[in-house]
Amino acid sequence: MSILFSPVSIRSVTFRNRLWVSPMCMYSAVDGVVQEWHHTHLTQFASGGAGLIVAEATAVVPEGRISPRDVGLWNDEQRDAWVPIVEAIHARGAAAGIQLAHAGRKASTWWPWADERGSVPESEGGWTTTAPSAIAFDGFAEPVALDADGIDAVVEGFATATRRALDAGFDVLEIHGAHGYLLHQFLSPLSNLRDDEYGGSLENRARLLLRVVDAIRETAGDGVPLFVRISATDHADGGFTPDEASLVAAWATEHGADLIDVSSGGLVAHQQISVFPGYQVPLAETVRQGGRIPVTAVGLITAAEQAEQVLVEGAADAIFAGREWLRDPHFALRAAHELGADIVWPPQYDRAHWR
Ligand SMILES: Cc1cc2nc3c(=O)[nH]c(=O)nc-3n(C[C@H](O)[C@H](O)[C@H](O)COP(=O)(O)O)c2cc1C
C-alpha cells in the first residue's frame, strides 16, 4: 500500500494523493493577469495525476511582484482570469492552490530569460521596492524600509487577495514566507535590522508573518487549508536557523496555519548551499518535530520510490516537486505505475495504465 498514493484530508479538502506540484513562476502574465500559457501549464499536471497544484507566487499588491511579468491578485480582472483554470483543474480531479506573495526587496527584477539582470528601472516598467530595512539584495536596487502604515497595507493586501482567491475557486492558500521574499526578509536577522516591534527578537521578526496568517484565516474561515512556505535556513552565518524555523512553524500553526512547506535559502547572494537528491528533507523532518507539525518536503525529489521513502520514514506528510513536473507533466501517473498503486487514470489515457 503506497502512502504517496493514499488520500489525505486537511480541513474541508481531501487530496487524492500526496504528490503535489510546487509553485513555479512562469513570468508570463500581462498586468498581473494569467494567460493561455498558465491554463495549459497548470491543467496538464491535473491530467497527470497531481493531488494538488499550487499556482505560482502571486503578488498581493503591484509592488510585490518579482518581475513586471508576474501574476497578481489585487483586482477583479486578475481574479476572473483564474476561474476557468481552477475549474479545469477540478474537472481533472486535483485540488487547486495559490501561493500568495510579496517579493519585498527582491521585487522589480528582470525575468530569468530577459537580456538584463538585476532591478528593472522605472523607465522600463520597474518600481521602488520595499523591505523591513533599507538593505539591498546584492546586485539589486536599495529598497525603502516599510513604515507602520506600509506594514498594515501588506497585511490588508494578503487579506483581500485571499477573498479573491477563494472567489476564484481555489481550495488551498499558501503564504510565501520563503526564498528571501518580504516575509522571509522580516524573519531573517540578515535583512531585518528594525528596532521596533517587527525587529530584534524572533517574536518580533515573526510578527508580520503571524499577522498575515491571522488575517488570512479570519478572511478564509475554518474550512480552507492554509500552508506556509518557509526557508528553514538561510545557509549563511548569522541568518535564520532551523531551530528558529521550528519555533515559527509551531507559532504559525497555533495561529491557524495547517501545514509548513519546508524549503530553504534565497535570502542572500552569498548563501552556501549544498544541493543533492532530497537535500531539504532533513529540514522538513526537523520542522515536523516528530509529527507535531504537518509538513511537506521539496527539493530534488524526482522519483516515485524516493518520494514514497520520505513518507515511509516519517520525514514529511506530503511531497512537493517542481522541475520533475516540468520534465514530465504526468509524473504522478508514472509514479503510481512504478509503485503499483491502483489510482484512477483519466479514462482517455487508460490504455497506458498497466502495460
Ligand atoms: C521555474 C521555477 C519557478 C519557481 N517559482 C517558485 C515560486 O513561484 N514560488 C516558490 O515558492 N518556489 C518557486 N520555485 C521553487 C520550486 O517551487 C521548488 O521549491 C524548487 O524548484 C525545488 O524543487 P524541485 O527540485 O522539485 O524543482 C520555482 C522553481 C522553478 C524551477
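The shell around the ligand is a mixed one by class: 9 nonpolar, 7 polar and 4 charged residues make it up. Keep in mind as you read that this is a predicted model.

Which residues come nearest to the ligand? Of the 20 residues around the ligand, those are Ser22, Met24, Ala57, Gly322 and Arg323. Two elements, β4 (52–59) and α10 (323–327), each supply at least two residues of this shell.

Let us stay with α10 for a moment, since glutamate 324 lies in that helix. Is glutamate 324 buried or partly exposed? A residue needs 20 or more other C-beta atoms within 10 Å to be buried. Glutamate 324 has 19 C-beta neighbours inside 10 Å, so this residue counts as partly exposed. Apart from neighbours within four places in sequence, glutamate 324 is in contact with Thr302 and Phe331. Alanine 352 stands 28 residues from glutamate 324 in sequence, and the two C-alpha atoms are 20 Å apart in space.

Next comes a pair of helices. Helix α9 (residues 304–312) packs with helix α11 (residues 331–339) at an angle of about 80°, and their axes are 9 Å apart. That angle makes α9 roughly perpendicular to α11. On the α9 side the contact involves Ala304, Ala307 and Glu308, which meet Ala335, Glu338 and Leu339 in α11. Sorted by class, this contact has 4 nonpolar and 2 charged residues, with no polar ones.

Now for the chain as a whole. It has 11 helices and 12 strands. Its radius of gyration is 19 Å, close to the 20 Å that the globule rule gives for 355 residues, so the chain is as compact as a globular protein of that length. The C-alpha trace spans about 60 × 40 × 40 Å along its principal axes. Of the 355 residues, 51% count as buried. Taking contacts between residues at least 6 apart in sequence, 72% join residues at least 24 apart.

A few single residues in loops and in a helix deserve a look, and the table puts their surroundings side by side.

| Residue | C-beta neighbours within 10 Å | Class |
|---|---|---|
| Arginine 11 | 15 | partly exposed |
| Serine 108 | 26 | buried |
| Glutamate 142 | 14 | partly exposed |
| Glutamate 324 | 19 | partly exposed |

Two of these entries are of interest for their backbone. Most residues other than glycine have a negative phi. Arginine 11, however, has a phi near 50°, a positive value in a residue other than glycine. Where does arginine 11 lie? Its place is the loop between β1 (8–10) and β2 (13–15). Serine 108 also has a positive phi, of about 55°, although it is not a glycine. Serine 108 sits in the loop between β5 (95–101) and β6, and it is buried because 26 C-beta neighbours lie inside 10 Å.

Glutamate 142 brings us to another loop, the one between β6 (130–131) and β7 (144–145). Leaving aside neighbours within four places in sequence, glutamate 142 is in contact with Ala134 and Ala136. Threonine 128 is 14 residues from glutamate 142 in sequence, and their C-alpha atoms are 8.3 Å apart in space. With 14 other C-beta atoms within 10 Å, glutamate 142 is partly exposed.

Note on methods. Residues are numbered from 1 along each chain as its sequence is written. This is a predicted model: local features need pLDDT of at least 70, side-chain atom pairs count only at pLDDT 80 or more; totals for chains, interfaces and linings use all residues. Axes are lines fitted to C-alpha atoms, for helices over the stretch in contact, and angles run from 0 to 180 degrees between N-to-C directions. Helices (H or I, at least four residues) and strands (E, at least two) are DSSP runs, numbered from the N terminus. Angles under 35 degrees count as roughly parallel, over 145 as roughly antiparallel, 65 to 115 as roughly perpendicular and the rest as oblique. Two residues are in contact if their C-beta atoms, placed from the backbone, lie within 7 Å. Ala, Val, Leu, Ile, Met, Phe, Trp, Tyr, Cys and Pro count as nonpolar, Asp, Glu, Lys and Arg as charged, and the others, Gly among them, as polar. A residue is near a molecule or strand if its C-beta atom, placed from the backbone, lies within 6 Å of it. The radius of gyration is taken over C-alpha atoms; the globule rule is 2.2 Å times the number of residues to the power 0.38. A residue is buried if 20 or more other C-beta atoms lie within 10 Å of its own, exposed if 12 or fewer, and partly exposed in between; C-beta atoms are placed from the backbone.
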